[in-house]
Amino acid sequence: MNLDELKKLKEKAQRQVALREGHKKYRVVFSMGTSGIAAGARDVMTTMLDEIDKRGLDDVEVAITGEIGLVDVEPIIRIEEAGGEQVTYAKVNAADARKIVTEHLEKGKVVEGLAVGKAKK
Amino acid sequence: MHEELSLHILDLGMNSLAAGATSISIRVSEDRARDRFALLVRDNGRGMGRAAFVRALSGRGSTKTGRRRAVGLGLAFLRQAAEACEGRFRAASLPGHGTVVAARMRLSHVDRPPLGDLAATVRALALAAPGARLRVACRAAEETFAFDSQTDLNLPSPA
């Protein structure tokens, strides 16, 4: 590893920290690999975006990632909170997506029945 | 299997982004007169060498290595869909330059999946890679649709 690579690594780390400590309270990450897509992730995302929009939640940002290795429980949504807490929701359908918006993103309550993992940073 | 052709396009686009593409061009056309549906996705990602390319097309494993598991079925899905509809599947990749994937089907074939929600696919790709240039050209009987993220980007909130 040379100096340039180290610099790049540092910049990348800074960017990621900036994202985590950004202005938004929640970051919603959709898994959009082959398995997610086949399980309906795109339409779940559309439903969720529409719901977020409808409720005027502006403390939320959205990101999309690829395959995350949990193919049998897709569609998967991970919600990262500004403090570093993460909640993963699995096998999310359109109704679940709306519930996650109204409960988790709007009221700050984890939807326990749908959450599969809750890990500290 | 993906139920819509626009889901195949999303899958291909996500491949392109995973390959570090900064430019993705998507073309879709429905030609009633020749009874043909065609789609093409071209990117400037890192491309694949021969071994990775063969593996990607085989449906027997992802080109991804390391801790994260991946599926490696995306291209095989599209090939299967094309071949099931009297069509054909073509792909080419050049390491360091990019990849192009094209599929053709008989438009009226009973097994041909519908195009589906292409706009939702474009929205997902635009969100997945805010920095990449995304161009879409769709020519169909009912609609023509053109999108260029450099000029048309109007992301739905929250973006």
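**Reading two chains, beginning with Arg112(B)**

Q: Which residues does Arg112(B) touch, not counting residues up to four places away in sequence?
A: Contact means heavy atoms within 4.5 Å. Leaving aside residues up to four places away in sequence, Arg112(B) touches Leu5(B), Phe37(B), Cys85(B), Met105(B), Arg106(B) and Leu107(B). This is a predicted model, in which local features need pLDDT of at least 70, side-chain atom pairs count only at pLDDT 80 or more, and totals for chains, interfaces and linings use all residues, while side-chain values use heavy atoms, with hydrogens and water left out. Residues are numbered from 1 along each chain as its sequence is written, and chains are lettered from A and ligands numbered from 1 in the order in which they are written.

Q: Where is the place of Arg112(B) in chain B?
A: Helices (H or I, at least four residues) and strands (E, at least two) are DSSP runs, numbered from the N terminus. Arg112(B) belongs to the loop that runs between strand 4 (98-106) and helix 4 (118-128) of chain B.

Q: Which side chain of opposite charge is nearest to Arg112(B), and how far away is it?
A: Lys and Arg count as positive and Asp and Glu as negative, with His and the chain ends not counted. A salt bridge is a side-chain nitrogen of Lys or Arg within 4 Å of a carboxyl oxygen of Asp or Glu. Glu30(B) is the nearest side chain of opposite charge, at 4.7 Å, and Arg112(B) has no salt bridge although it is buried. A polar atom of the Arg112(B) side chain does lie 2.6 Å from the backbone oxygen of Leu107(B).

Q: Is Cys85(B), one of the residues that Arg112(B) touches, buried or exposed?
A: Buried means under 20% relative accessible area, exposed over 50%, and partly exposed in between (1.4 Å probe, protein chains only). Cys85(B) counts as buried because its relative accessible area is 1%. Cys138(B) is likewise buried, at 2%.

Q: How many disulfides does the structure hold?
A: A disulfide is a pair of cysteine sulfur atoms within 2.5 Å. Over all chains, the structure holds 0 disulfides.

Q: Which backbone angles deserve attention in chain B?
A: Asp35(B) has phi near 55°, a positive value in a residue other than glycine. This residue sits in the loop between strand 1 (23-31) and strand 2 (36-43) of chain B, and Asp35(B) is partly exposed because its relative accessible area is 24%. Phi of Glu86(B) is also positive, near 55°. Glu86(B) lies in the loop between helix 3 (74-84) and strand 3 (88-94) of chain B, and Glu86(B) is exposed, at 53% relative accessible area.

Q: Is the peptide bond from Glu74(A) to Pro75(A) cis or trans?
A: That bond is cis, with omega near -5°. Pro75(A) is in the loop between strand 2 (60-65) and strand 3 (77-81) of chain A.

Q: How is the interface between the chains described?
A: The size of an interface is often given as the accessible area lost when the parts come together. Here the area buried between chain B and chain A is about 2,000 Å² (1.4 Å probe, summed over both), and carbon and sulfur atoms give 60% of that area. Chain B contributes 25 residues to the contact and chain A 21 residues. There are 2 salt bridges between the chains, including one in which the side chains of Arg42(A) and Glu4(B) meet at 2.7 Å, N to O. Helix 1 (5-18), helix 3 and helix 4 of chain B each give two or more residues to the side that touches chain A. Helix 4 supplies the largest share of that side, 6 residues.

Methods: Polar contact = N/O pair within 3.5 Å; in protein donor to acceptor, adjacent residues only side chain to side chain. Buried area = accessible area lost by both parts, 1.4 Å probe.
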